[in-house]
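The following exchange explains the terms applied to a structure and the grounds for each. Please keep the structure in view while reading.

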Number of protein chains: 2
Amino acid sequence: MSSPLRILVIGGTAAGPKAAAKARRLDEFAEITLIQREPDLSMASCGFPYYVGGTFDDRNLLIGSPAGITRDPAFFHQAKRIKALVETEAVEIDRAARTVTCQHLPTGERFSLPYDRLVIATGARPLRPPVPGIDLAGVTSLHSLADADALRAVRDQQSVRMAVVVGGGLIGFEVCEALRLAGIHTTVIEKTRQILPFLDPHLAKLVENHVRTHGADILLGHGVTEFLGENGRLTGVKLDNGTELPCELAVVAVGVKPNSALAQSAGLTIGEFGGIAVNEFMQTSDPDIYAAGDCCECTSLITGQQMNAPYGDIANLQGRVAGQNVINADSARFPGVTQTGICRIFDYTVGFTGLSEQRARDLGMEIETATIAGTDIPGFMGGKLLVSKLVAERQSGRVLGFQCIGPGDASKRVATVAMAIRGQLTVADLVNADLPYAPPYSLALDHVIVAAQVLENKLAGRMQGLSVAAVKTRVDQGADCFILDVRTPREFEAMRLGIGETLIPLGALRDRLHELPQDKDREIIVYCQISLRGYEAAIILSARGWRNVRVMEGGVLAWPYPREK
Amino acid sequence: MSSPLRILVIGGTAAGPKAAAKARRLDEFAEITLIQREPDLSMASCGFPYYVGGTFDDRNLLIGSPAGITRDPAFFHQAKRIKALVETEAVEIDRAARTVTCQHLPTGERFSLPYDRLVIATGARPLRPPVPGIDLAGVTSLHSLADADALRAVRDQQSVRMAVVVGGGLIGFEVCEALRLAGIHTTVIEKTRQILPFLDPHLAKLVENHVRTHGADILLGHGVTEFLGENGRLTGVKLDNGTELPCELAVVAVGVKPNSALAQSAGLTIGEFGGIAVNEFMQTSDPDIYAAGDCCECTSLITGQQMNAPYGDIANLQGRVAGQNVINADSARFPGVTQTGICRIFDYTVGFTGLSEQRARDLGMEIETATIAGTDIPGFMGGKLLVSKLVAERQSGRVLGFQCIGPGDASKRVATVAMAIRGQLTVADLVNADLPYAPPYSLALDHVIVAAQVLENKLAGRMQGLSVAAVKTRVDQGADCFILDVRTPREFEAMRLGIGETLIPLGALRDRLHELPQDKDREIIVYCQISLRGYEAAIILSARGWRNVRVMEGGVLAWPYPREK
């Protein structure tokens with residue numbers, strides 16, 4: 001029998017343990033060593049906000065297996081015969097000697113470990129803006145379990161009344177929710193004009209409105225220029241417009257950066273976005289060294305381009321592929337990502353897959369989009385609102401992206417479209433999708449199907465749409481358009497936009513055409529609650545000679561701007 | 001201007017109104033007439049069980065638009081300029097003259113309507129077994145709104161204490177739940193040995209167990225031979241084994257049959273399953289006549305075979321295609337179905353897409369399957385159990401089917417796999433799916449991905465599985481196998497199978513190999529709570545020379561048979 005394969009894995013959070021465990025399952029006799037800088041292993045990092053926010057109180061759930069066993073070095077040894085060295089940092093890779101120099105952090109002791117195959121899973125670290133005062137006590141991030149412990153202590157001790165979150169992305173809002181649930185007045189500061197950059201602006205605006213209804217503030221368009229403090233403790237933040245905001249806690253969530261320095265020092269190829277470059281086998285430029293998780297780059301299945309995708313699920317998938325290939329080279333592939341993500345923000349789910357309209361246009365793609373609003377399940381079953389936007393390539397009809405937000409079940413719809421994108425399906429395929437239908441779960445035509453049908457109508461030229469943002473611009477600029485609301489008087493009484501609209505219910509429209517502009521070239525913008533009736537009205541008008549009729553997509557329920565009532 | 005196109009649509013429930021509405025949107029000036037035998041239009045038939053069961057009390061929700069307008073003939077006229085004739089039956093189609101003879105049911109008056117294009121959407125009717133007593137008062141089905149009204153009255157008047165449901169399919173259990181929620185003691189009678197024929201038996205058995213915990217009874221393997229009565233009213237049912245079951249209400253739900261007699265009389269081609277034959281344009285053998293919904297057959301996208309798919313969502317999709325093609329011939333296609341369905345049964349969701357193992361084997365396909373158990377989201381977020389089975393073609397790895405049941409969110413997983421099947425994806429594609437991950441919505445590796453990973457392991461020969469049913473058979477037959485539970489002592493104390501198993505926790509296994517059979521060819525069956533640790537244990541044993549080690553798939557949580565505790 002040949003001597004056992006020596007596998008070294010650097011990184012013990014997500015991709016690393018996954019790679020080690022998978023390697024063990026493929027080779028019972030390999031010598032597998034896991035090196036982890038932090039004291040804990042296999043932490044459920046994505047669960048940190050929910051621990052901080054009080055969804056659960058037992059910290060051990062973050063580091064335990066489903067059977068309730070803490071994933072410590074003893075567990076790794078007993079269950080998997082993996083040697084896990086915690087509080088140990090890999091400081092240098094000697095590729096010629098095939099060794100890694102490690103340092104035990106508490107003692108400072110250095111030692112060298114040999115490898116036949118190496119997996120680098122060093123993760124990412126939170127970006128820290130180069131702003132004065134960032135080292136003050138009270139300025140933190142939510143990245144490590146120690147961070148989570150500290151923020152949870154803030155909740156438990158009720159030691160903070162005012163907090164800011166710097167950065168209006170996914171993590172920023174998860175933290176915002178957690179702090180708000182801890183009873184802390186929280187302000188999210190985002191230096192661009194929009195939160196949640198993976199959404200198009202009009203959807204992001206709806207989320208923004210929702211956050212505000214839950215008592216959290218959002219400041220857009222201003223960056224933090226200084227963290228203010230007294231006696232080494234944070235007392236506030238200063239913005240680029242001079243505003244000072246008092247706060248005792250600031251959580252920085254402006255993104256992460258791949259931890260690729262170790263790999264770079266070893267001469268491995270680094271990609272253009274700072275991550276370790278790997279092929280589809282998760283193999284680096286050194287054939288004996290693999291990389292997985294947030295430290296490496298991966299391929300977009302939509303654009304073919306390289307990108308960073310620092311998500312826990314992707315790290316696990318990649319770790320598994322790396323773990324398989326260290327035993328049997330080239331036996332598993334990680335093809336790439338469809339760029340899917342989701343988060344809960346108070347009562348809203350915010351999900352996306354693929355490209356937003358903005359992103360697709362930035363890439364120079366010829367696209368068409370459709371925005372719709374509607375309930376996830378029938379009203380009589382307690383349906384909740386979803387607002388979605390579907391993006392497709394204009395020529396081929398290939399689905400490129402989907403955004404879905406609201407109190408309804410967005411998660412299912414995002415998963416559905418993510419799989420459609422993975423299958424390179426077109427709008428025409430989605431239009432006739434056979435999805436699980438019963439009233440507790442879906443409308444007879446699911447939200448995803450309706451989105452595809454609207455987009456099909458637009459692609460076929462049967463509908464001219466206008467986004468709520470475009471309508472708002474026209475209204476603000478005093479454009480000479482006629483705005484037509486075709487809902488019932490009762491709906492109009494309950495809630496109206498107040499943008500100079502005229503009410504003519506759809507059922508009366510054919511008899512009241514004389515109330516419309518008689519200049520048939522004048523732009524008419526029509527909508528209803530969700531703009532299905534708006535679409536029907538537009539068809540009636542177009543059939544009767546009006547040449548410039550546009551449907552405001554998503555209707556009243558997708559309107560994120562101030563309303564009359 | 002040419003004279004307007006005359007479009008006649010027979011059937012006013014789902015496919016018919018959809019076809020009429022779509023035709024209107026494509027031709028504002030066509031003359032569109034909708035003929036409906038029942039008094040109501042566009043009824044939300046799939047919502048009937050929830051009205052009967054008291055999920056909501058306002059009957060108008062079943063016939064109203066989302067804006068709250070009742071979909072009566074006035075609505076169809078005003079909003080859509082569609083002439084809707086209710087309580088009117090189409091009795092004969094004269095294809096040569098292109099007319100349909102109709103009868104107004106309340107008056108008996110007959111009249112003839114001309115058409116240029118005809119859409120037949122006559123739906124299906126409930127099968128009524130040819131059993132004595134079936135016409136007794138108290139024997140009913142849940143098909144029409146009148147049926148729903150009658151069953152709702154039973155709830156409101158508390159006039160029934162004992163009911164039976166004849167037929168253990170989807171509708172049967174929706175009715176069972178509704179009656180049970182009305183406080184009625186309910187027994188479902190299914191003449192085969194299994195409920196829910198679209199599931200494989202071991203999953204159906206888990207649902208059966210769940211139904212029983214909610215106080216409903218299930219009788220398997222016996223058909224009803226007679227409905228017993230006094231003074232014309234039902235008093236009980238008699239089974240083929242002689243048992244008499246007292247009841248005041250019997251709801252027959254043994255399936256439906258396409259209403260294709262009208263089409264058949266007109267000489268249109270009828271398919272082998274009794275539905276109207278249509279091409280992908282929903283066109284019948286007469287090019288001017290289209291059909292849509294439960295009355296026609298459609299194509300399975302998996303097998304390519306014709307089938308009946310009497311589901312509300314499919315009816316709507318087909319109606320839309322027919323409505324488009326009556327205006328612009330051959331402009332829209334309905335490619336077929338992936339055979340997806342779902343229902344709620346008390347706290348369980350029961351969903352499926354594609355082929356079950358049994359169905360695939362009946363078709364002679366070479367397949368592999370994987371059964372898994374697990375939570376939908378992490379335990380710390382309140383995850384709920386799902387038990388699933390994934391079926392794939394052995395050679396190609398193409399995903400053929402998926403069943404998913406349990407209190408967890410099965411709907412999302414079924415939609416995800418339905419889309420994968422639609423995209424003709426393989427197990428390898430699912431293994432690396434980029435799905436929306438955050439703890440409120442999914443595990444880091446979603447349930448669907450885990451199912452695919454297990455199936456990949458089986459396809460690659462890395463795991464030899466055994467279904468719970470196969471294990472049960474071995475145990476019952478006293479087969480000479482060694483049964484190994486590798487959970488923790490605490491889990492073992494809380495719940496164990498009691499089938500002669502030996503407990504050796506995974507973490508201790510490598511040190512206690514001497515406790516295993518020393519005959520390395522003896523069959524060892526190993527499992528844990530969900531059989532992930534079971535799989536790891538099997539690998540350890542195989543690596544150490546045992547040649548016949550099998551994992552009981554899905555573990556303790558997928559075991560549907562009596563347990564020791």
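Q: What turn and what shift along the axis lay chain A on chain B?
A: In this predicted model, a turn of 180 degrees with a shift of 0.0 Å along the axis lays chain A on chain B, at an RMSD of 0.0 Å. The copies are superposed by least squares on the C-alpha atoms of residues with pLDDT of at least 70 in both. That is the relation of a two-fold axis. The same surface serves both copies, since 100% of the contact residues of chain A recur in chain B.

Q: On what conventions do the numbering and the values rest?
A: Residues are numbered from 1 along each chain as its sequence is written, and chains are lettered from A and ligands numbered from 1 in the order in which they are written. Because the model is predicted, local features need pLDDT of at least 70 and side-chain atom pairs count only at pLDDT 80 or more, while totals for chains, interfaces and linings use all residues; side-chain values use heavy atoms, with hydrogens and water left out.

Q: What makes residues of chain A and chain B part of the contact, and how many are there?
A: Contact means heavy atoms within 4.5 Å. By that criterion, chain A gives 90 residues and chain B gives 90 residues.

Q: What is meant by the area buried between chain A and chain B?
A: Buried area is the accessible area (1.4 Å probe) that two parts lose on being put together, summed over both. For chain A and chain B this comes to about 7,600 Å², of which carbon and sulfur atoms give 59%. In chain A, the residues that lose the most area to chain B are A:Phe380, A:Met419 and A:Asp434, together 11% of what that side buries.

Q: Why is the pair A:Lys80 and B:Glu536 called a salt bridge?
A: A salt bridge requires a side-chain nitrogen of Lys or Arg within 4 Å of a carboxyl oxygen of Asp or Glu. The side chains of A:Lys80 and B:Glu536 meet at 2.8 Å, N to O, so the pair satisfies the rule. A:Lys80 lies in helix α3 (residues 73-80) of chain A and B:Glu536 in helix α16 (residues 532-543) of chain B, so this salt bridge joins two chains. Helices here are DSSP runs (H or I, at least four residues), numbered from the N terminus. B:Lys80 likewise forms a salt bridge with A:Glu536, with the closest N and O atoms 2.8 Å apart. Between chain A and chain B the count is 14 salt bridges, and over all chains it is 80.

Q: Which domains does chain A contain, and how are their bounds known?
A: The bounds come from an automatic or database domain assignment. Chain A is divided into domain 1 (6-44 + 55-124 + 257-327), domain 2 (139-254), domain 3 (341-459) and domain 4 (465-558). The C-alpha centres of domain 2 and domain 3 of chain A lie 30 Å apart. Their contact takes 17 residues from domain 2 and 18 residues from domain 3.

Q: What makes A:Glu177 and A:Arg344 a salt bridge?
A: The closest N and O atoms of A:Glu177 and A:Arg344 are 2.9 Å apart, so the pair meets the salt-bridge rule. Between domain 2 and domain 3 of chain A the count is two salt bridges.
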